Amino acid sequence: MTEDRCAGGETGTPVGRPPGGRRELWVKLLWIGVWLVFLSSPVHDLVNGDHGTAATWAGAVGLTAFVAVYLGLVFRNMGRTFSGPAVVLLLVVLGILAPLLAYTLGSAWLGLFVYLSVACGATLPAKATYWAIPASAALMYLVGLHTDEEEARNLILLVVLIGFAMTGVRQLVRTTIELRKARATVAQLAANEERLRLARDLHDLLGHSLSLITLKSELAGRMLPGQPEKAAQQVADIERVSRQALVDVREAVTGYRRPRLAAELAGAQVALTAAGVVAEIPAEPDLAGLPEEAEAALAWTLREAVTNVVRHSGAERCAVELLHRHTLDGPVLELSVEDNGSGGSGKGPGNGLTGLAERLQGAGGTLEAGRSAKGFRVVARVPSAVVADVVSGS
């Protein structure tokens with residue numbers, strides 16, 4: 001179904017890791033640019049020409065160096081941290097440039113201390129920020145006594161608050177990275193547990209059958225010279241046991257391959273949240289009386305629809321609903337996946353939709369997909385033994 005939607009991508013920019021594409025890069029650069037608003041005063045001061053040529057060039061070089069060190073320290077350090085000595089060295093550079101530029105060029109440069117405070121909050125350990133951020137504000141006030149004391153007083157609270165706010169942002173980034181790692185670990189552990197369970201089930205299924213086949217093969221081998229009739233009976237038993245073992249293995253593998261609706265709902269929540277899409281997912285579904293084949297068809301539909309939302313819709317919201325309805329054809333369980341993204345390409349159903357429609361048709365169900373009032377909607381219905389109109393999700 002992925003080909004049925006317009007090209008797009010994840011709506012959110014991942015936190016705590018480098019941008020994965022041009023769009024994410026521009027989003028992060030825009031976010032960085034907003035924080036550079038306090039540079040307007042020193043830039044305006046340089047452009048006005050109130051300083052001599054040498055002072056203007058020195059200020060431009062100093063400001064460029066300050067911004068380069070700041071961006072490298074704060075925004076690179078968010079994803080791939082510098083070593084401790086490197087962080088201290090870069091903070092010392094900022095701690096020298098900010099007072100030097102503000103002292104020599106005037107009060108318009110006091111805003112650089114905001115960046116010094118932010119750098120301290122973003123890179124130093126929590127205990128160190130308790131003195132480093134107030135120290136940045138105090139240093140700014142001392143410089144302001146030489147340039148503009150009133151301006152320095154006005155900026156003290158801003159320097160302190162933004163610095164400590166950055167410590168919260170840093171903690172948020174760290175928590176996001178840890179959650180992402182924990183989620184990957186849980187997925188790996190779940191996969192390992194599933195492999196172990198499959199190994200145990202196959203051992204239980206095949207252990208007895210293979211032992212019996214081995215035993216009867218040995219008996220048939222000993223009977224062949226003088227008792228061909230009994231040997232033939234043993235061979236017939238071997239064929240019967242092997243056929244039954246093959247049936248058992250096929251049933252076991254089919255059970256493992258069949259997706260479960262509850263598991264797909266949980267996976268949809270994780271996938272949509274990771275993509276920055278606001279998800280409305282129903283609670284544990286009521287699947288009483290629903291055949292396994294019908295449940296599997298709905299699970300495949302949900303997986304395909306959510307994959308499409310994450311990869312190609314450009315949506316900001318996605319709502320999943322499960323409704324028990326009573327129609328003229330009998331009771332049905334209806335799955336609806338609706339997002340506010342870009343919708344279909346308008347070139348007819350693709351292989352994904354066709355495959356889902358065939359799968360649902362095999363389970364006695366139907367599929368509808370197309371534009372809606374909110375964006376794009378996929379609706380799948382399968383027969384159900386439940387006759388009440390009960391909403392099982394929001």
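These are my notebook entries on one helix and a few salt bridges in a predicted model.

**Ground rules.** I number residues from 1 along each chain as its sequence is written, and side-chain values use heavy atoms, without hydrogens and water. Because the model is predicted, local features need pLDDT of at least 70 and side-chain atom pairs count only at pLDDT 80 or more, while totals for chains, interfaces and linings use all residues.

**Helix α9.** I looked up which residues of α9 are buried (under 20% relative accessible area with a 1.4 Å probe, protein chains only; exposed is over 50%, partly exposed in between). They are Leu-261, Glu-264, Leu-265, Ala-268 and Leu-272. Seen down the axis of α9, they fall within an arc of 105 degrees (taken from the directions from the helix axis to the C-beta atoms), so they line one face of the helix. They pack against β1, α10 and β2, where contact means heavy atoms within 4.5 Å. Helices here are DSSP runs of H or I with at least four residues, and strands are runs of E with at least two, numbered from the N terminus. Just after α9, I found Gly-276 with a positive phi of about 80 degrees.

**Salt bridges.** My search of the whole structure gave seven (a side-chain nitrogen of Lys or Arg within 4 Å of a carboxyl oxygen of Asp or Glu). In one of them, Arg-317 pairs with Glu-280, with the closest N and O atoms 2.8 Å apart. That pair links strand β2 to strand β1, 37 residues apart.

**Arg-381.** This residue bridges to Glu-334 at 2.8 Å and to Glu-368 at 3.0 Å. Shared partners join Arg-325, Glu-334, Glu-368 and Arg-381 into one network. Glu-334 is buried at 3% relative accessibility, whereas Arg-381 is partly exposed at 21%.
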